[in-house]
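Colleague: Got a minute to walk me through this model? I'd like to start with the strands.

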Amino acid sequence: MKFVDEFRDGTLGQKVAAQILGVVEPGRHYKVMEVCGGHTHSIYRYGVDDLLPENVELVHGPGCPVCVIPMGRVDDGIAIAREPGVIFTCFGDMLRVPGSNGTLLDAKAQGADVRMVYSPLDALRIAKAEPDRQVVFFAIGFETTAPSTALTLMRARAEGVENFSCMCNHVTIVPPLRALLESPDLRLDGFIGPGHVSTVVGARPFEFIPADYGRPVVIAGFEPLDILHAIHMILAQLAEGRCEVENQYTRVVPYDGNTRALAAMAEVFALRPHFEWRGLGFISQSALRLSDAYAALDAERRFSVPGVRVADPKACQCGEVLKGVIKPWECKVFGTACTPEHAIGTCMVSPEGACAAYYNYGRFARDRVVA
Amino acid sequence: MSACDPYDAHCITCGDVAVEMRVVEVNESLAVCEAEGEEREVEVALLDDVQAGDRLLVHADVGLVKL
């Protein structure tokens, strides 16, 4: 397939790996964070890390929306799902995220009408097909997904679909990156920037990273050669003493993003003053709620939700994993009490979560140091 | 392109996944698009002048980029 096969060519991969070897400084340890869960998944699916020199370490960032949802928000969703007459819709991964008292799948098994959808538009179709029921869409995702929710809400309002509402959990990418850069226990040399988030926001929002923190950013695609190429571009910047935002994914990402998508988001959403991220705590202005103009479609105003903050399970170290402070296999419950089938932490739920990526691709014991 | 199955190997949102689709037919801001034999109705309001035969990068039933 065009734009796919060319970017999975093993021979070219070896060539880029050799170029990477040519720009690393022996004796220096490099830590490069891939921000996006999609990159984490590709790295382990294709064994990208096996092609890297030993002194180039990939650190997995917080770019998996399921992984950063705190338990309290899951509890709020389940409370709405249990309301009489409600059809509760969400993406598949969200169904298995544990709240303090089970998952949405558990709520479904206990009688709640919870349905998996592929898009917000699917949820709106359900609302139009079942006008006597209240249909709620549990919206998650970064700026890639937020325009889809925004356009669906605009359509719902224009078409007067009154039995549709949205519980908004959309998050934004820049505030958690800033929080990570401010974190004293994490030293990073550069970032692989999120590819499809950047189709919406463009490359400009990442300019603060080289300007304020002196770290290079390279926006990358999701095929293995994209990722290897981006790592080479980051290491080349470091070798040449440069520090800037570069766009490896030029076949898809315009530097200024998609202005219509940004305008739709600005109309439908407003920034929350603060939002809790699993493992990272409260980060100011890091998430979206529905704007006042769309308040009538806000599920959190239409239904009563507990809104209680729930602490993460003590055994779970998702927070350290999300910050890249520890590797997934260094967590006490990784692969034993916490597995994809019975996840304790959210990083094990989504295949894009760092823990699930390590577990599914057999990276759970390879580098473990036994004291 | 399967739906986001809870036990499938990939989630479109968490994976920041976008799929290349071919436009079959345009009806105002919605277009019927096809990939791997499956057709979906896709919002194309974010793109200029979408026509049958165009290739789009689609995420959660929204066309984000014309390729």
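Modeller: Sure, one term before we start: two strands count as paired if DSSP finds at least two bridges between them. And keep in mind that this is a predicted model.

Colleague: OK, so which residue in β9(A) is the bridge partner of Val217(A)?

Modeller: That's Val245(A). Val217(A) sits in strand β8 (residues 217–219) of chain A, which pairs with β9(A) in the parallel sense over three bridges.

Colleague: What's the strand order in the sheet they belong to?

Modeller: The order is β2-β1-β7-β8-β9 in chain A. This is an open sheet of five strands, with parallel pairing.

Colleague: And which strands stand at the edges?

Modeller: β2 (56–63) and β9 (245–247) of chain A. Each has a single partner strand, so one side of each has no neighbour in the sheet.

Colleague: How much are neighbouring strands turned against each other?

Modeller: By 20° on average, ignoring direction.

Colleague: Which strands does α10(A) touch when it packs on the sheet?

Modeller: It touches β1 (30–36), β2, β7 (190–193), β8 and β9 of chain A. The direction of α10(A) makes about 150° with that of β7(A).

Colleague: Now helices. How do α1(A) and α10(A) sit against each other?

Modeller: Helix α1 (residues 10–23) and helix α10 (residues 224–240), both of chain A, have axes that come within 9 Å and cross at roughly 15°. Angles under 35 degrees count as roughly parallel, so α1(A) and α10(A) are roughly parallel to each other. The crossing of α1(A) past α10(A) is left-handed.

Colleague: Which residues make the contact?

Modeller: On α1(A) they include Leu12(A), Val16(A), Ile20(A) and Val23(A). On α10(A), among them are Leu225(A), Leu228(A), Ile231(A) and Leu235(A), along with His229(A) and His232(A). The contact residues divide into 12 nonpolar, four polar and no charged.

Colleague: What about α6(A) and α11(A), at what angle do they pack?

Modeller: At about 60°, with axes 9 Å apart; the helices are α6 (residues 146–159) and α11 (residues 259–268) of chain A. That makes α6(A) and α11(A) oblique to each other. α6(A) also passes α11(A) in a left-handed crossing.

Colleague: And who meets whom there?

Modeller: From α6(A) you have Ala146(A), Pro147(A), Ala150(A), Leu151(A), Leu153(A) and Met154(A). They meet Ala261(A), Ala264(A), Met265(A) and Val268(A) in α11(A). By type, the contact has 10 nonpolar residues, no polar and no charged.

Colleague: Different topic: is Arg73(A) buried or exposed?

Modeller: Arg73(A) has 25 C-beta neighbours inside 10 Å. A residue is buried at 20 or more, so Arg73(A) counts as buried. Its place is in helix α3 (residues 71–81) of chain A.

Colleague: How far is Arg73(A) from Asp292(A)?

Modeller: Their C-alpha atoms are separated by 21 Å, and the two are 219 residues apart along the chain.

Colleague: What about the hairpin of β11(A) and β12(A), which residue takes a positive phi?

Modeller: Gly279(A), with phi near 80°. The hairpin has three residues between the strands. β11 (residues 274–277) and β12 (residues 281–284) of chain A pair in the antiparallel sense over four bridges, and His274(A) has Ser284(A) as its bridge partner.

Colleague: Last one: what's in chain B?

Modeller: Zero helices and five strands. Of the 67 residues in chain B, 43% are buried.

Notes:
Residues numbered from 1 in each chain as written. Chains lettered and ligands numbered in written order. Predicted model: local features only at pLDDT ≥ 70, side-chain atom pairs only at ≥ 80, totals over all residues. Axes fitted to C-alpha atoms, helices over the stretch in contact; angles between N-to-C directions. Helix = DSSP H or I, 4+ residues; strand = E, 2+ residues; numbered from the N terminus. Parallel < 35°, antiparallel > 145°, perpendicular 65-115°, else oblique. Left-handed = near helix turned anticlockwise from the far one by under 90°. Contact = placed C-beta atoms within 7 Å. Nonpolar A, V, L, I, M, F, W, Y, C, P; charged D, E, K, R; others polar. Buried ≥ 20, exposed ≤ 12 C-beta atoms within 10 Å, placed from the backbone.
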